[in-house]
Amino acid sequence: MFKAYLTSFISTALCCTLALLLSSVSTALAQDESIILGNGTSLTITDYLIETDPDGYKTVIVRAVPNFDPEPFGEVPSDHYARMVQPLCGNLVANSAEALQEQDISAVRVRWDFTPSRRDDDVPANMTLTRFHEMVFDIADGAPCTPKPLGVGLDNLAPDLSAAIKATLRWAEPGLTPGQLSLTYAVDAGLADIPPDLDRAAIELCILHADILLEARARYYSQLYSRTVAITFEQEEDQPGFELLRRVTFPVQDGKCGTGLSQMLTEAIRDRD
């Protein structure tokens, strides 16, 4: 029912309460405790679960209820709230690091369930409509709460580029100006050293990522009118004396990221990936 941008629970998952497995979690986040997120908003933690997929990959699931309406103007992707809930993940990891490591936990997923104030026209008035958002954060290899946007697919966060860099999507969210879709990427190279490659990478990411998100917005989130796409590159590690951020902005034309490339070149980039 939630349509795009969300992942479902794996039916074969082994779930148990996190409180039973991670004794130190109570010092970080107590069940049924109200957690301040910022901007006057908060959520109430209702449960902790551990999900183990068939490959043994373990995820802590924080179940919550937002004490505000996440969709006052209509449906929005869950990725829009990832930056807001990242501190919650950080607090959990900071206070339960030892226990998380002992249990071999690789990720944290924050899921909040809510009743939207706006109802679809095709939903009967006597039916209770509930929805949920999910935000996923990787905590493996000493990387505390690295965001993993769901909108482009978790197996597609770092597509192959012709540019000699690796760019991994970190945030997919509203931009600085009205109607802007902002995509932020972590790169493993010095930004000041490769400006031509960055421009080429931005064009390819517009085609490989932004077009996916723009199509989903047009289909599922009609109130999110898109005018521009901002592709932002950030260095993974701060290096004093080096440029740490580069941003390239594209117009949205006919529902696509306006790279200026021909249809033939655009399809060639898609097919190559």
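## Strands S8 and S9

S8 and S9 run parallel and are joined by eight bridges (two strands count as paired if DSSP finds at least two bridges between them). Strand S8 covers residues 180-187, and strand S9 covers residues 228-235; strands here are DSSP runs of E with at least two residues, helices are runs of H or I with at least four, and both are numbered from the N terminus. Look across from Leu 181 and you'll find its bridge partner in S9, Val 229.

This is a predicted model, so a few ground rules: local features need pLDDT of at least 70, side-chain atom pairs count only at pLDDT 80 or more, and totals for chains, interfaces and linings use all residues. Residues are numbered from 1 along each chain as its sequence is written, and side-chain values use heavy atoms, with hydrogens and water left out.

## S8 under cover

S8 is mostly covered, with eight of its eight residues buried (buried means under 20% relative accessible area, exposed over 50%, and partly exposed in between, using a 1.4 Å probe and protein chains only). Gln 180, Ser 182, Thr 184 and Ala 186 point one way from the strand, while Leu 181, Leu 183, Tyr 185 and Val 187 point the other way.

## The S7-S8 hairpin

S8 also pairs with S7, this time in the antiparallel sense, over seven bridges. Here Ala 172 of the hairpin stands opposite Leu 183 in S8. Five residues sit between the two strands of the hairpin, and Gly 179 in the turn has a positive phi of about 80°.

S7 itself (residues 167-174) has seven of its eight residues buried, so the strand is largely enclosed by the rest of the structure.

## Aromatic pairs

A search of the whole structure turns up five aromatic pairs (rings of Phe, Tyr and Trp, the last by its six-membered ring, pair if their centres lie within 6.5 Å; planes under 30 degrees apart are stacked, over 60 edge-to-face, and the rest tilted). One of them is Phe 68 with Trp 112, edge-to-face at 5.6 Å centre to centre and 90° between the planes. Phe 68 lies in the loop between strand S3 (58-66) and helix H2 (82-102) and Trp 112 in strand S4 (residues 105-114), so this pair ties together parts that are 44 residues apart in sequence. Both residues are buried, and ring pairs link them with Tyr 81 into a cluster.

Tyr 185 and Phe 233 make a tilted pair, 6.1 Å centre to centre with 35° between the planes. That one links S8 to S9, with the two residues 48 apart in the chain. Tyr 185 is buried at a relative accessible area of 0%, and Phe 233 is buried at 0% too.

## Charges over rings

Arg 83 lies over the face of Trp 171, at 4.2 Å from the ring centre (the rule: NZ of Lys or CZ of Arg within 6 Å of the ring centre and within 35 degrees of the ring normal). The charged end of Arg 111 sits over the ring of Phe 132, 3.7 Å from its centre.

## Cavities

The whole structure holds two cavities of 30 Å³ or more (on a 1 Å grid over the protein atoms alone, a cavity is a set of points where a 1.4 Å probe fits but cannot get out, and lining residues have an atom within 4 Å of a point). The largest has about 60 Å³ of space. Of its 13 lining residues, the closest to the centre are Asp 79, Ala 82, Pro 147, Lys 148 and Pro 149.

Strand S5 (131-138) and S7 each supply at least two lining residues, with S5 giving the largest share, four.

Definitions and conventions. 1 Å grid on protein atoms, 1.4 Å probe; cavity = no way out; pocket = protein on both sides within 12 Å on 5 of 7 lines; lining within 4 Å. Points joined across faces, edges and corners; volume = space filled by probe spheres on them.
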